[in-house]
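Thanks for sharing this one with me. Here are my notes, point by point, for you to read alongside the coordinates.

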Amino acid sequence: MTVRPIRIHGDPVLHEPARIVTDFNADLRTLVTDMFDTMDAAPGVGLAAPQVGVGLRLFVYSYGDQNDTPWRGVVVNPTLLMIPAPAGVPDDDDESEGCLSFPGERFPLRRSEHVIVTGVDAEERPVRIEADGWRARILQHEYDHLDGTIYIDRLDSAFDRVLMRIIRKRGWGVSGNAWNPMDERLEG
């Protein structure tokens, strides 16, 4: 089991578009395995390669509860199709999300209720996921990471002062900050 440090807001790899995956080899499969281990240790419901410092277009996801069939996989070089999110103010309870790269915080964000993601898996087999609700939110969140967008970049400007206070207080917003899910220690 290899758990990688998770990069925190401000690290350049989180704020630039990731590169298309062209090499489907043992290194890619190791990265995917490490990403699952890291996501599970965090714990999280999704993790994009840039969050572990690798600027490639892939993410892993995992979600399920007592009433759900486990939902787990990897998407490499994804495309995202979605119905636009409805207008309005997001609900603080039902539409709040967090991010492993902005740990310990949650903010309301309106997302599309339905998405389709296509791509391939680590063996280059086609993947097509049609998702609604929370699963659609997970896929949109991880896809954003591949374009250099963290969910806080999408928040209403009313949160700007709160976000800046958090970033300043925790010393985030600079290169090199990460945390290790195995010991929850901030590195950098």
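A word on terms before the points: a pocket here is an open set of grid points with protein on both sides within 12 Å along at least five of seven lines, and its lining residues have an atom within 4 Å of a point. Please keep in mind throughout that this is a predicted model.

1. Let me start with the largest pocket, whose volume is about 370 Å³. Its lining counts 20 residues, and those nearest the centre are Val 45, Gly 98, Cys 99, Leu 100 and Arg 106. Two or more lining residues come from each of strand E5 (96-99), strand E6 (102-108) and H2. Of these, H2 is the biggest contributor, giving six residues.

2. What is the chemical make-up of that lining? For the largest pocket, it splits into eight nonpolar, seven polar and five charged residues.

3. The second largest pocket holds about 160 Å³ of space. Its lining includes the run Arg 19, Ile 20, Val 21, Thr 22 and Asp 23, along with Asn 25, Asp 27, Leu 28 and Leu 31, and also Val 54 and Leu 56. By class, the lining of this second largest pocket has six nonpolar, two polar and three charged residues.

4. Now to the sheet. Five strands make up an open sheet with antiparallel pairing, in the order E2-E3-E4-E7-E8. At its edges are strand E2 (46-48) and strand E8 (126-132), each of which pairs on one side only. On average, and ignoring direction, neighbouring strands are turned by 40° against each other.

5. The pairings are worth following one at a time. Three bridges join E2 to strand E3 (residues 58-63) in the antiparallel sense, and one place to look is Leu 47, whose bridge partner in E3 is Val 60. E3 and E4 are paired, again antiparallel, over six bridges, with Tyr 61 standing opposite Gly 73 in E4. Between E4 and E7 there are five bridges, also in the antiparallel sense; here Leu 81 has Ile 116 in E7 as its bridge partner.

6. Finally, which strands do the helices lie across? Helix H1 (residues 26-41) lies across E2, E3 and strand E4 (71-82), and runs at about 40° to E3. Helix H2 (residues 133-146) lies across E2, E3, E4, strand E7 (114-120) and E8, at about 155° to E3. H2 thus links two of my points, as this helix also gives the most residues to the lining of the largest pocket.

Technical notes. Residues numbered from 1 in each chain as written. Predicted model: local features only at pLDDT ≥ 70, side-chain atom pairs only at ≥ 80, totals over all residues. Heavy atoms only, no water. Pairing = 2+ DSSP bridges. Helix = DSSP H or I, 4+ residues; strand = E, 2+ residues; numbered from the N terminus. Axes fitted to C-alpha atoms, helices over the stretch in contact; angles between N-to-C directions. Contact = heavy atoms within 4.5 Å. 1 Å grid on protein atoms, 1.4 Å probe; cavity = no way out; pocket = protein on both sides within 12 Å on 5 of 7 lines; lining within 4 Å. Points joined across faces, edges and corners; volume = space filled by probe spheres on them. Nonpolar A, V, L, I, M, F, W, Y, C, P; charged D, E, K, R; others polar.
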